[in-house]
Number of protein chains: 2
Amino acid sequence: MTGLIGEFSCKLDGKGRLSLPSKLRAQWPESALHTLVVNRGFEKCLVLYTKEDWLAEMEKLNAVDDFMSPEIRRFKRIFTNGANLMSIDSAQRILIPKKLLEYAGLGTDVVLSANGRKVEIWDEKLYDSELNVDSNELSQLAQHFHQQRKPSGE
Amino acid sequence: MTGLIGEFSCKLDGKGRLSLPSKLRAQWPESALHTLVVNRGFEKCLVLYTKEDWLAEMEKLNAVDDFMSPEIRRFKRIFTNGANLMSIDSAQRILIPKKLLEYAGLGTDVVLSANGRKVEIWDEKLYDSELNVDSNELSQLAQHFHQQRKPSGE
DNA sequence: GAAAATGTGGGTAATTGTGGGGATTTGTGA
DNA sequence: TCACAAATCCCCACAATTACCCACATTTTC
């Protein structure tokens, strides 16, 4: 449940429908497929969860009361963002809302990238350039990661 | 019941009527649709609840005694004041009172954003700018959230 | 290589969204 | 109390979107 794996190339048809690869579907329980949640990602991509996993994410947010401060409300809003419920049709596809298609700049060719409990949906070209690094940059990123990791480890 | 999900683009017609998207309606029991409550939001937006959920919000307020202070009384008054009971018409629309339209600056294009037990109603432009953050600001917000969360964890 | 399962595309019917006419109710001022 | 204007409600009509269905290409499995 917490270890989705896989990278898949798929096509979006003219109606904005995306068929979920069977190898991805197989990693979720049958029942979950009728209540999936898509949302904007922080980068120019979308994120796909089961409803259950999405609500679990939301739990964290709802632990803090709205009355608290404007910043809290804004933060929650930004996170909750464009979440949309959807279910797969008889051909194992989901219909992605227009607004989200635009947000992520999705064309015909897209890539699904599973990781943890979420699946990122990228336009293929953007995905390729996102993953395109030279070794210098990679080692810089690793260093940054290491520094950020320390404080919370204490 | 506690997990409304969805972001919807809708139009307000010239009469101030807003049709509720079917995917939102489907998340409430049929019976609730005839007793919805709209109110001013803390930001420049409106908030929509079922009557049941609204009453639950009121509970929070009533937990604090009126004797406490003038500010308490004023807050309660203002918060309670804007609340309007409404029901959907045969075309699945609600009629939003003029005063509230003005308060939230609602034009033709609005966005409904569901989260938890409430639905926020925003003018589309305001909504877009509310959600538009750069990464610096976002990390500040996240930090703020993190700090607020701690106390309740103890 | 054949059969099964999956991916892709599109047509059509049903549902939903949007707008507006006009009757009824409510509020206001003479 | 009446007349008038404004707001609200109840209809209907059309446009847009979505759900459902089928066909066929492609890939996988045996």
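So, which base atom of DNA strand D does a polar side-chain atom of B:Arg17 lie 3.4 Å from? A base nitrogen. I'll come back to that strand in a minute.

Quick housekeeping. This is a predicted model, where local features need pLDDT of at least 70 and side-chain atom pairs count only at pLDDT 80 or more, while totals for chains, interfaces and linings use all residues. Residues are numbered from 1 along each chain as its sequence is written, chains are lettered from A and ligands numbered from 1 in the order written, and side-chain values use heavy atoms, with hydrogens and water left out.

Okay, DNA strand D. Around it you'll find Lys15, Arg17, Ser90, Arg93, Leu95 and Lys98 from chain A, and B:Lys15, B:Arg17, B:Ser90, B:Arg93, B:Leu95 and B:Lys98; "around" or "near" here is a heavy atom within 4 Å. Of the strand D atoms that come within 4 Å of the protein, 56% are sugar and phosphate. By class, this surface has two nonpolar, two polar and eight charged residues. For the classes, Ala, Val, Leu, Ile, Met, Phe, Trp, Tyr, Cys and Pro are nonpolar, Asp, Glu, Lys and Arg are charged, and the others, Gly among them, are polar.

On the bases of strand D, the side chain of A:Lys15 has an N or O atom 3.5 Å from a base nitrogen. For B:Lys15, that kind of distance is 3.2 Å.

Now DNA strand C. Here 22 residues surround the strand, and the closest are A:Lys15, A:Arg17, A:Arg93, B:Lys15 and B:Arg17. Sugar and phosphate make up 38% of the strand C atoms that come within 4 Å of the protein. Twelve of the residues on this surface are charged, with six nonpolar and four polar.

Some individual distances on strand C. B:Arg93 puts a polar side-chain atom 2.8 Å from a base nitrogen. Over on the phosphates, B:Ser22 has a backbone N or O atom 3.2 Å from a phosphate oxygen, and B:Arg25 has a side-chain N or O atom 3.3 Å from one.

Right, the protein–protein side. How many residues of chain A are in contact with chain B? There are 32, and they meet 38 residues of chain B, with contact meaning heavy atoms within 4.5 Å. The two chains bury about 3,000 Å² between them, 58% of it on carbon and sulfur atoms; that's accessible area (1.4 Å probe) lost on putting the two parts together, summed over both. In chain A, the residues losing the most area are A:Phe67, A:Arg74 and A:Arg77, together 25% of what that side buries.

One of those, A:Arg77, forms a salt bridge with B:Glu130, the closest N and O atoms being 2.7 Å apart. The count between the chains is ten salt bridges, each a side-chain nitrogen of Lys or Arg within 4 Å of a carboxyl oxygen of Asp or Glu. Helix 3 of chain A gives the largest share of the side that touches chain B, nine residues. Helices here are DSSP runs (H or I, at least four residues), numbered from the N terminus.

Last bit: how do the copies relate? Chain A superposes on chain B by a rotation of 23° with 16 Å of shift along its axis, RMSD 1.0 Å. That fit is least squares on the C-alpha atoms of residues with pLDDT of at least 70 in both. The copies use different surfaces, with 12% of the contact residues of chain A recurring in chain B.

Conventions. Polar contact = N/O pair within 3.5 Å; in protein donor to acceptor, adjacent residues only side chain to side chain. Helix = DSSP H or I, 4+ residues; strand = E, 2+ residues; numbered from the N terminus.
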